[in-house]
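Biologist: I am new to reading protein models, and I would love to take a close look at one part of this one. Could you walk me through it slowly?

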Amino acid sequence: MATKNREIVKDAESLERALNEIRKAQAIYAGFTQEQVDRIFFAAAEAANRARIPLAKQAVEETGMGVVEDKVIKNHYAAEYIYNAYKDTKTCGVIETDRAAGIKKVAEPVGLIAAVIPTTNPTSTAIFKTLLALKTRNGIIISPHPRAKACTDAAAGIVLDAAVAAGAPAGIINWIDEPSLEMTNTVMREADIILATGGPGMVKAAYSSGKPALGVGSGNTPAIIDSGADIKQAVNSIIHSKTFDNGMICASEQSVIVLDKVYEAVKKEFEYRGCYFLSPQETEKVRKTIIINGALNAKIVGQKAHAIAALAGVAAPESAKILIGEVASVELSEEFAHEKLSPVLAMYHAKNFAEALDKADRLVKDGGYGHTASVYLDMAAGGEEKLAAFAERMKTCRILVNTPSSHGGIGDLYNFKLLPSLTLGCGTWGGNSVSENVGVKHLLNIKTVAERRENMLWFRAPEKVYIKKGCLPVALGELKDVMGKKRAFIVTDKFLYANGYTKTVTDKLDEMGIAHESFFNVEPDPTLACAREGAALMAAFKPDVIIAVGGGSAMDAGKIMWVLYEHPDADFQDMAMRFVDIRKRIYTFPKMGEKAYFIAVPTSAGTGSEVTPFAVITDEKAGMKYPLADYELLPDMAIVDADMQMDAPRGLTSASGIDAMTHALEAYASMLATEFTDGLAVEALRLIFEYLPRAYNNGAADPRAREKMAHAATIAGMAFANAFLGVCHSMAHKLGAFHHLPHGVANALMISEVMRFNASETPPKMGTFPQYEYPRTLARYARIADSLGLRGRTDGEKLEALIAAVEKLKEEVGIKKTIRDYGIDEQDFLARLDSMSEAAFDDQCTGANPRYPLISEIRQMFLSAYYGAGSVAAGGGK
């Protein structure tokens, strides 16, 4: 047998050799398969179970504590229940695989476990810890209590011999034969993890060793008996628990708190079942026997009730099961309020459940923080509410209901989902690192193998997008014929309203007999005050459809009014909260469309707001601009009718057209770009390069150009509604906010700088998104150049050709070369440059940019766009 060949561990030298042997054995054992480990685990558990009676006898004989028959049960439990709980648990190699997610969990042993064993439960704890070590392929060194060393070592030896016979390496389990504090401290320092079961001093030493430790705290379990409880069940459960092994389980009840209504009935039941109530004089005598010199009297631990009484000079019957002291104080000055680890119980009155909670709370905090608390309730008659209050109040990791706490706390006896364990974690309340019953998972290192995966992407657009010159009245016909709408609210601006742009809408609504109201007070850069004004009219009118007619401002204002109409208490700061991934944002946008259907009718070819989930609103009081982004803001219907855009002025045609071009360029370069958005972006660019100059120069005289630009803007909108934008828009937003440049113009001034910036093959930082594998934007720009028929032998030449084409297009539609050309004062620009750069960096659009910009790089792009690329002032070489 393995035990016959082991060296006696009695001093520092022999301990060092033993630790080296365990490490060598564990290195071999770490390579065992699950099948080999399970065979060893079974053999060891079976051997421990067979030895349950002799080990129980040896423990009682050596320690002078406890009850042989109960220790038999504990040994049996440690072998059978632990084996049953973990026999099918995977602890070797790959223990979990999710192929779809690309995740594997791989179990590895911790290494060397230092197991500190208490005198109260020596053999069962040794069985428990050695079995866990074997199941997890760990080596283990046992440090027994000096007063329980022989029985502890015997238990470990039985497990070792059986394990080795089943194939385990010979030195996988070892123990100290002549324990001392110094040797215990050594094993704790040398181990990879400590399993500490013992008194507070030992547990504190384990956590102070510098090694990871799994320990328990003191138990001072209070048990409340509510007025509706089953008194027979409650009293007999407590007796069963408190007398088990003479009260040495740390989860056993130390006090019982009884509501006045049932106090006498409870007392009578305790007496009837053989418990002894101490008189006031006897209570005082026992009180002085519980605590000696500020600590629990070791002489009462695990002794029978009559023996403790005799020690205190009290003549209790030999048959007495528990000594019960009726006391009032729950303060530490009351000896009965302490953990007693013996069949001695404090009993308290409580006028009501609230007072019972107060007393239980104090007992837990003064002596059993984090361990266990017990309550007896009628769960069928209001018990749920009281249980909730009890569970909320008790700072313990086990809340036991109608359960003997000794047996209930260790698990799998009165609740089969509470894992069996003889080491009960007490969480941070008890100074522990775990708050549950310790098991195999705590003795494993789990490696997570994570393969690269691309998250699900999306393509979302309005439910209906109607296109073709003259389609507006036809599309609106659905309001009556398909949807049965009754009341329409129109949102537009003063110019469009005054010039009859909404007449086609109102005429059609009148024809269909749909009541309508118009709000035309929308200004450029719509404000929250404007939106609230419109929403107030909506609330009074109660529309079931909202129709936004206009450019980006009117459509954005309409979306915000829609939000306020459906959710009057909406918090725009929360809605505008920045996100990295729209699917994982902290704020959940409120559900839209419950009150009204939303239709967007664009009157300019640029923003794409009719098909995007975006809106911008300005809080004029706070001076804050809230950019909102959520698919709840996506219109239900978009009607793109070129008749609504025929007479757009040249300046608007230019700015909005270049805005649409930038939408397409940024959507194509975005990290979130997909095949679904690429085709849209490329087609939008083809249309814009071909038709924007014609629309700019010819206006209404070229209806084909107007229609194609209307389609291009909407197509580009659908692209960036799904692929999002980039740092060009981030910078344009801030140029508009700081220097009031029109948005399309601001984009035009920045786009060439951004394209060169993004095209770098060696960027200091690239964007973070799983489908973006490496810097590839140069090749993406080259593909755009190819689609536009631009020439170049290399991707670099194609990029320059594309930038030249963009610059030529800008010139054709009247866009000036630099920011300075728009009259922005140099000193004012430079004074606000740092703030503007930082704000652009934090803009929502920055996150999808393929090159992650540094603030200093944004600053430099602003300078280049202000002075002209290559100028000395911009940092160039000219």
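Biologist: Where does Glu-334 lie, in terms of the elements on either side?

Modeller: Happy to help! Keep in mind that this is a predicted model. Glu-334 sits in the loop that runs between strand β13 (323-326) and strand β14 (344-350). Its relative accessible area is 8%, and a residue counts as buried when that value is under 20%, so Glu-334 is buried. You can look for the residues around Glu-334 yourself: setting aside neighbours within four places in sequence, Glu-334 is in contact with Arg-287, Val-327, Ser-329 and Tyr-348.

Now let us set that loop beside a few others. Lys-299 is also a loop residue, placed between β12 (295-296) and α13 (305-312). With a relative accessible area of 61%, Lys-299 is exposed, whereas Glu-334 is buried. If you would like a distance to check on screen, try Lys-299 and Ala-316: they are 17 residues apart along the chain, and their C-alpha atoms are separated by 17 Å.

Two further loop residues are worth a look for their backbone angles. In general, most residues other than glycine have a negative phi. Arg-137 has a positive phi, near 60 degrees, and is not a glycine. You will find Arg-137 in the loop between α6 (122-135) and β4 (139-143), and its relative accessibility of 4% makes it count as buried. Lys-542 has a positive phi too, of about 60 degrees, although Lys-542 is not a glycine either. Its loop lies between α21 (528-541) and β21. Here the surroundings differ: Lys-542 is exposed, at a relative accessible area of 56%, while Arg-137 is buried.

Strand β21 takes us to a helix, because β21 (545-550) is among the elements covering the buried residues of α20. Helix α20 covers residues 503-512, and Val-505, Thr-506, Lys-508, Leu-509 and Met-512 are buried there. These five lie on the same side of α20, because they cover an arc of only 160 degrees around the axis. There is a simple pattern to remember: an α-helix has 3.6 residues a turn, so residues three or four places apart point the same way. Besides β21, the cover over the buried residues of α20 includes α17 (472-476), α18 (478-481), β19 (487-493) and β20 (515-522). Just after the helix comes Gly-513, which has a positive phi near 75 degrees.

For contrast, try a helix residue that is exposed. Glu-392 belongs to α15 (residues 383-393) and counts as exposed at 63% relative accessibility. From Glu-392 to Ala-165 is 50 Å, C-alpha to C-alpha, with their positions 227 residues apart in sequence.

Finally, step back to the whole chain, which has 33 helices and 25 strands. Of its 878 residues, 58% count as buried, and Glu-334 is one that is buried. The C-alpha trace spans about 115 × 65 × 55 Å along its principal axes. The radius of gyration is 39 Å, whereas a compact globule of 878 residues would have one near 29 Å. Among contacts with a separation of 6 or more, 76% come from residues 24 or more positions apart.

How values were computed. Residues are numbered from 1 along each chain as its sequence is written. This is a predicted model: local features need pLDDT of at least 70, side-chain atom pairs count only at pLDDT 80 or more; totals for chains, interfaces and linings use all residues. Side-chain values use heavy atoms; hydrogens and water are left out. Helices (H or I, at least four residues) and strands (E, at least two) are DSSP runs, numbered from the N terminus. The radius of gyration is taken over C-alpha atoms; the globule rule is 2.2 Å times the number of residues to the power 0.38. Buried means under 20% relative accessible area, exposed over 50%, partly exposed in between (1.4 Å probe, protein chains only). Contact means heavy atoms within 4.5 Å. The arc is that of the directions from the helix axis to the C-beta atoms.
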